[in-house]
Amino acid sequence: MHVMTKVTLGIGGVLLLISAAAIGIGGVSVDNALSKAETNGHEYWTGNTPTTFTGELNLLSRYHVFVEEDRSVSVELIDGNEYSRFYPCEELNSCDLYEPGYTYVGEISVESSGTWEIKFSGDVVGDSDVMIHEEKFPLGGIMGLGGGCCGICGAFLLLIIGGIMALTLKDKPKVQTTIQIDNEMVVVKENP
């Protein structure tokens with residue numbers, strides 16, 4: 001078998017194995033993130049109204065805000081804009097998220113990661129429990145899945161090329177020419 005054929009098939013096989021592993025690891029990561037999303041993420045912060053929370057908010061996360069049942073709260077992202085702000089659940093048509101003992105009021109989204117300040121104003125009664133859940137976007141898992149899929153396509157392409165090369169390229173036979181000069185035999189080897 002030709003050396004280039006062996007190299008092509010070898011690289012294709014290794015790339016196939018690495019890509020399959022990347023798909024597996026990325027899939028597990030995305031699955032874990034989706035199972036946490038079904039539970040509205042994980043608890044990030046709790047407090048009582050009226051209050052102000054200052055903390056790190058990540059561009060690749062969504063922050064679900066809940067208030068104690070039968071209470072109300074207004075939420076304001078200080079120094080927010082049209083992209084970094086609080087979105088009431090009515091605006092997003094997502095008021096069906098559930099957390100035992102709490103009512104979902106909306107989501108905080110930011111356009112850049114950093115330290116943000118959130119102001120919670122309570123209802124007339126005051127002293128309502130508020131809670132923020134963080135739902136992280138599984139960027140690493142999605143990149144692993146995407147890279148694995150691209151790698152598998154590349155691996156199959158290399159394997160197909162290697163297979164075609166194995167079937168079409170043949171080692172050229174060595175030709176041996178014998179010349180006899182004055183009863184002496186001289187062997188000349190030639191490669192065509």
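Are Trp-45 and Phe-120 buried or exposed? In this predicted model, Trp-45 is buried, and Phe-120 is buried as well. These two residues offer a way into the structure, and the aromatic rings around them come next.

The structure holds 5 aromatic pairs. In one of them, the rings of Tyr-44 and Tyr-63 have their centres 5.5 Å apart and their planes at 55 degrees, so this pair counts as tilted. The pair links distant parts of the chain, with Tyr-44 in strand 1 (residues 42-48) and Tyr-63 in strand 3, 19 residues apart. The two partners can also be described by their accessibility: Tyr-44 is partly exposed, with a relative accessible area of 28%, whereas Tyr-63 is buried, with a relative accessible area of 1%. Trp-45 and Phe-120 form an aromatic pair too, and this one is stacked, with 5.3 Å from centre to centre and 15 degrees between the planes. Because Trp-45 lies in strand 1 and Phe-120 in strand 8 (residues 114-122), the pair ties together parts that are 75 residues apart in sequence. Seen together, Tyr-44, Trp-45, Phe-53, Tyr-63 and Phe-120 are linked into a cluster by ring pairs.

Strand 3, which carries Tyr-63, also leads to the charged side chains. The structure holds 3 salt bridges. In one of them Glu-107 is paired with Arg-62, and the closest N and O atoms are 3.9 Å apart; since a salt bridge is counted when a side-chain nitrogen of Lys or Arg is within 4 Å of a carboxyl oxygen of Asp or Glu, this contact qualifies as a salt bridge. Glu-107 lies in strand 7 (residues 102-109) and Arg-62 in strand 3, so the pair ties together parts that are 45 residues apart in sequence. Glu-107 is buried, with a relative accessible area of 11%, while Arg-62 counts as partly exposed at 38% relative accessibility.

Arg-62 has a further partner, for its side chain also meets that of Glu-135 in a salt bridge, at 3.3 Å from N to O. This pair again links distant parts of the chain, with Glu-135 in strand 9 (residues 129-136) and Arg-62 in strand 3, 73 residues apart. At 16% relative accessibility, Glu-135 counts as buried. Arg-62, Glu-107 and Glu-135 are thus linked in a network of salt bridges. Another salt bridge is made by Glu-91 and Arg-85, whose side chains meet at 2.4 Å, N to O. Glu-91 counts as partly exposed at 44% relative accessibility, and Arg-85 is partly exposed as well, with a relative accessible area of 25%.

Which cysteines form a disulfide? Cys-89 and Cys-95 do, with their sulfur atoms 2.0 Å apart, and the count for the structure comes to 1 disulfide. The torsion about the S-S bond of Cys-89 and Cys-95 is about 90 degrees, so the disulfide is right-handed. Its two halves can be told apart by their accessibility, as Cys-89 counts as buried at 1% relative accessibility, whereas Cys-95 counts as partly exposed at 39%. Cys-150, by contrast, is in no disulfide, and the nearest cysteine sulfur, that of Cys-153, is 6.5 Å away. Why is the sulfur of Cys-153 not bonded to the closest cysteine sulfur, in Cys-150? The distance of 6.5 Å between them is too far for a bond. Cys-150 counts as exposed at 58% relative accessibility, and Cys-153 is exposed with a relative accessible area of 54%.

The surface and the beginning of the chain remain to be described. Leu-59, Leu-60, Phe-137 and Ile-142 form a nonpolar patch on the surface, and together they have about 340 Å² of accessible area. Within this patch, Leu-60 lies in the loop between strand 2 (51-57) and strand 3 (61-68), and at 35% relative accessibility Leu-60 counts as partly exposed. Finally, His-2 is found in the segment before helix 1 (3-38) and is partly exposed, with a relative accessible area of 34%. Although His-2 and Met-165 are 163 residues apart along the chain, their C-alpha atoms are separated by 8.2 Å.

Definitions and conventions
Residues numbered from 1 in each chain as written. Predicted model: local features only at pLDDT ≥ 70, side-chain atom pairs only at ≥ 80, totals over all residues. Heavy atoms only, no water. Patch = residues over 30% accessible without salt bridge, like charges linked within 9 Å, V, L, I, M, F, W, Y side chains within 5 Å. Areas by Shrake-Rupley, 256 points an atom, 1.4 Å probe, with all protein chains shown as cover. Helix = DSSP H or I, 4+ residues; strand = E, 2+ residues; numbered from the N terminus. Buried < 20%, exposed > 50% of the residue type's maximum accessible area, 1.4 Å probe, protein only. Phe/Tyr/Trp six-rings, centres within 6.5 Å; stacked < 30°, edge-to-face > 60°. Disulfide = S-S within 2.5 Å.
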